[in-house]
Amino acid sequence: MDYQSAVLPAATGWLLIVLFGVAWVGLGLYWGRKARDLSGYMVAGRNVGLALGTATAMATWVTSNTIMLAPLFAIQFGIWGMLAYCTASFGLFLFAPMARRIRHLMPNGFTSGDFIRLRYGTTAWAVFLVIMIFYSLAWLVSMAMAGGIVLNTVAGIPYHYGMSMILLICVLYTLFGGMYAVIGTDYIQSIIIMLGVVLVGGAVMTVLPLGEIYESVLFEQPALLNVLLPASIMVIFNNLLFGFGEVFHNNIWWSRAFAMRKGVGIKAYTLAGLCWLPIPVAAGFLGLASGSLGVNLTTPDMVGPAVATQVLGFAGAIVIFIVIFASLASSIDSLLAATSDILTEDIFRRVLYPTATEAVLRKAAGMTVIVLGLIAWTLSLWQDSGLLQVLFFAGPLVASTIWPIAAGLYWKRVNRMGALLALVAGSAIGLVAYFMIAWYVASLIGAAVSMVIVLISTWLAPQDFDWKTLNEQPHRQPEANLI
Amino acid sequence: MTLFSPVFFQVLIVGALILTALGAILLILLLCSDFINKRVW
């Protein structure tokens, strides 16, 4: 389906893609010179400073979903919908002290899988990997699909071409530069995203005063301004817990905790949460303005880009194109790198090839980036614009990981069996709630079940875990390099 | 039905845009600081 009223000529869209592609792949090659060894490639040498650390955590959490779904939340759930989306930043705030503890307990760690394996054993590790890989792939595919849809909507570029180009560019610079390239480009992307959101929001306010937007919403859909909209309040809890689960479990955030210089993690994640907090409101209010502006929506996901192009015309189309491209790339590259780390460290090294040298692992990490890109591309060939469904289907699964991870990091009495049961039962019952009740209660129920199981099992059979177990020795160097 | 007031609505939106702009400025200043102190990477 090509978007017939695209405001940006396809040639301009292609030009922007090519310019971005050349710049980002060039940066990937430039920063890739630093990523000679495995530690450099996977965790950027474990020496990332505060500016880059803050920006990479912030940019990764601003996905195209933030730009595209926050306005949709506003249309569906009103002011509470925007505020609910903001609560996802609480995951970053809570992860800040965890990042410090992770860096302290696991100075040589690479993945969140390492933690679960060492803390809870191989069975819980296997379940955890299934949850994380499923979720990461779902997120990656939803990002690739979003890219194809946005490029189609804004510039009329056929879905399959746009989706393929975004994936290709991200795969190339992640492949060449590893975590160095991911973090470096994330910094540039976060500046682009923030300035772009402010520019579009400011332009909307110039064209249409906020008082008029309020009056229009009051006239057409007063429920969106309701202080006590019950469904919205459920959305807040669901989004809050989904945010906790996603940030706590996913290797995207753990790999950054390992990558940041000692002492930087807690500050970087706190600042990233503060930087991220206002963005869903700044982007979401475009949804509330759409009615006043008379924007004709072809698909509900597209309300943000449609409002931006309506208000700013050609310039707005370029700005929103760049912002969404940056938000897509900042998430896709992080997902590629972090999931590649999981496949390399937890599957390839721990299961398939335990004696692999660092050089072999370095090659495997690059190969898995390519394989992940191909898998995401194949799954994205079937276009599906129901981004909300893809995103929240995994909600109860990730919510079930909150307690095993948070409690397991601080509380040595949490036992293996309790953590395993919490992961399995929390996911299963949360999924039942997803299908039997509603998506916006699924994470809440998944997290609640997981919490009850962790608490009761710890009370019944406390473990005496030795924290030193988490401090694994670094990878062995190949003998040739040691001479 | 109790509604959010127009003032709250305006403060929320304007505040979010100002905070977003401040966030961008903060990131730029942090990078300058890291660069001067040679602590970027």
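How much space lies in the second largest cavity? About 90 Å³. Before we look around, a word on what you're seeing: this is a predicted model, where local features need pLDDT of at least 70, side-chain atom pairs count only at pLDDT 80 or more, and totals for chains, interfaces and linings use all residues. Residues are numbered from 1 along each chain as its sequence is written, chains are lettered from A and ligands numbered from 1 in the order in which they are written, and side-chain values use heavy atoms, with hydrogens and water left out.

## The cavity

Rolling a probe the size of a water molecule over the atoms shows where empty space is left. Here, a cavity is a set of points on a 1 Å grid over the protein atoms alone where a 1.4 Å probe fits but cannot get out, and lining residues have an atom within 4 Å of a point. Grid points are joined across faces, edges and corners, and a volume is the space filled by probe spheres set on the points. By this rule the model has 5 cavities of 30 Å³ or more.

Back to the second largest cavity: 16 residues line it, and the closest to its centre are N108(A), G109(A), D114(A), E472(A) and Q473(A). The lining splits into 6 nonpolar, 5 polar and 5 charged residues. For that split, Ala, Val, Leu, Ile, Met, Phe, Trp, Tyr, Cys and Pro count as nonpolar, Asp, Glu, Lys and Arg as charged, and the others, Gly among them, as polar.

Two helices of chain A, α6 (112–120) and α14 (303–352), each supply at least two residues of this lining. The biggest giver is α14(A), with 3 residues. Helices (H or I, at least four residues) and strands (E, at least two) are DSSP runs, numbered from the N terminus.

## Three helices of chain A

How do the helix lengths hold up? The expected span of a helix is 1.5 Å times one less than its number of residues. The table sets that span beside the distance between the end C-alpha atoms.

| Helix | Residues | Expected span | End-to-end distance |
|---|---|---|---|
| α3(A) | 50–61, 12 residues | 16 Å | 17 Å |
| α5(A) | 89–105, 17 residues | 24 Å | 25 Å |
| α10(A) | 20 residues | 28 Å | 29 Å |

How covered is α3(A)? Mostly: 12 of its 12 residues are buried, where buried means under 20% relative accessible area, exposed over 50%, and partly exposed in between (1.4 Å probe, protein chains only). Among them are L50(A), M58(A) and W61(A).

In α5(A), the buried residues include S89(A), L92(A), F95(A), A96(A), R103(A) and L105(A). This helix also bends by about 35° at A96(A), and a proline, P97(A), follows within four residues. The bend at a residue is the angle between axes fitted to the seven residues ending there and the seven starting there.

As for α10(A), 15 of its 20 residues are buried, so this helix is largely enclosed by the rest of the structure. F242(A) lies in α10(A), which covers residues 230–249, and F242(A) is buried with a relative accessible area of 6%. Its C-alpha is 7.4 Å from that of A88(A), although F242(A) and A88(A) are 154 residues apart in sequence.

## A few residues to look up

Just ahead of α3(A), look at the loop between α2 (38–43) and α3 of chain A, where A44(A) is found. A44(A) has a positive phi of about 50° although it is not a glycine, and it is buried at 1% relative accessible area. R46(A) lies in the loop between α2 and α3 as well. R46(A) has a positive phi of about 55°, again without being a glycine, and at 14% relative accessibility R46(A) counts as buried.

G21(A) sits in helix α1 (residues 10–32) of chain A and is buried at 9% relative accessible area. G21(A) and C170(A) are 149 residues apart in sequence, yet 8.3 Å apart in space, C-alpha to C-alpha.

W254(A) belongs to helix α11 (residues 251–259) of chain A, and its relative accessible area is 0%, which counts as buried. The C-alpha atoms of W254(A) and P278(A), 24 residues apart along the chain, are separated by 24 Å.

## Chain B

Finally, chain B: 41 residues, of which 34% count as buried. Chain B holds 1 helix and 0 strands, and its C-alpha trace spans about 55 × 15 × 10 Å along its principal axes. Chain B exposes about 2,500 Å², with carbon and sulfur atoms supplying 75% of that area. Accessible areas come from the Shrake-Rupley method with a 1.4 Å probe; for residues, only the protein chains shown count as cover.

Conventions:
On a 1 Å grid over the protein atoms alone, a cavity is a set of points where a 1.4 Å probe fits but cannot get out, and a pocket is an open set with protein on both sides within 12 Å along at least five of seven lines; lining residues have an atom within 4 Å of a point.
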